[in-house]
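Biologist: Could we go through this model together? I should like to begin with the aromatic rings.

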Amino acid sequence: MTEPSVKQQTTTAFYGQAIASFAVALAAVTVGIGYLDASAWVRGFLAISVLYLTTSAFTLAKVIRDRQEADQIVSRVDQARVDRLLAEHDPFAKP
């Protein structure tokens with residue numbers, strides 16, 4: 001009763017689109033900060049803020065992915081226990 005694990009993979013086009021989108025967004029913010037009519041301190045603060053936001057976004061995505069993978073493992077263990085109980089159960093056995 002065990003089902004083969006289905007590995008979810010993204011296509012190469014989706015992977016490329018995600019990288020390109022991230023690169024365009026980061027370049028646009030960088031150019032925007034560079035051409036901003038403000039002092040170097042303000043531009044530096046905005047640049048550091050963008051870097052902090054970027055690393056925070058990567059960390060959040062990793063934490064969400066790790067939690068989802070852990071939930072899948074727990075779900076598989078629970079399903080294996082239920083399958084074993086059903087396989088061992090004999091409804092016609094006398095108590």
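Biologist: How many aromatic pairs does a search of the whole structure find?

Modeller: The search finds 1 aromatic pair; please bear in mind that this is a predicted model. The pair is made by Phe22 and Phe58, in an edge-to-face arrangement with 5.4 Å centre to centre and 70 degrees between the planes.

Biologist: Which parts does the pair tie together?

Modeller: Phe22 belongs to helix 1 (residues 12-34) and Phe58 to helix 2 (residues 40-88), so the pair links parts that are 36 residues apart in sequence.

Biologist: Are Phe22 and Phe58 buried or exposed?

Modeller: Phe22 is partly exposed, at a relative accessible area of 37%. Phe58 has 52% relative accessibility and counts as exposed, because the cut-off for that class is over 50%.

Biologist: Turning to pockets, which residues line the second largest pocket?

Modeller: Its lining consists of Thr10, Phe14, Tyr15, Ala18, Phe22 and Phe58, and thus includes both rings of the pair. Helix 1 gives the largest share of that lining, 4 residues.

Biologist: What are its volume and the make-up of its lining?

Modeller: The volume of the second largest pocket is about 210 Å³. Its lining has 5 nonpolar residues, 1 polar residue and no charged ones.

Biologist: And Thr54: what does it touch?

Modeller: Leaving aside residues up to four places away in sequence, Thr54 touches Phe22 and Leu26. Thr54 sits in helix 2 and is buried, with a relative accessible area of 16%.

Biologist: What lies 2.8 Å from a polar atom of the Thr54 side chain?

Modeller: That is the backbone oxygen of Val50.

Technical notes:
Residues numbered from 1 in each chain as written. Predicted model: local features only at pLDDT ≥ 70, side-chain atom pairs only at ≥ 80, totals over all residues. Heavy atoms only, no water. Phe/Tyr/Trp six-rings, centres within 6.5 Å; stacked < 30°, edge-to-face > 60°. Helix = DSSP H or I, 4+ residues; strand = E, 2+ residues; numbered from the N terminus. Buried < 20%, exposed > 50% of the residue type's maximum accessible area, 1.4 Å probe, protein only. 1 Å grid on protein atoms, 1.4 Å probe; cavity = no way out; pocket = protein on both sides within 12 Å on 5 of 7 lines; lining within 4 Å. Points joined across faces, edges and corners; volume = space filled by probe spheres on them. Nonpolar A, V, L, I, M, F, W, Y, C, P; charged D, E, K, R; others polar. Polar contact = N/O pair within 3.5 Å; in protein donor to acceptor, adjacent residues only side chain to side chain. Contact = heavy atoms within 4.5 Å.
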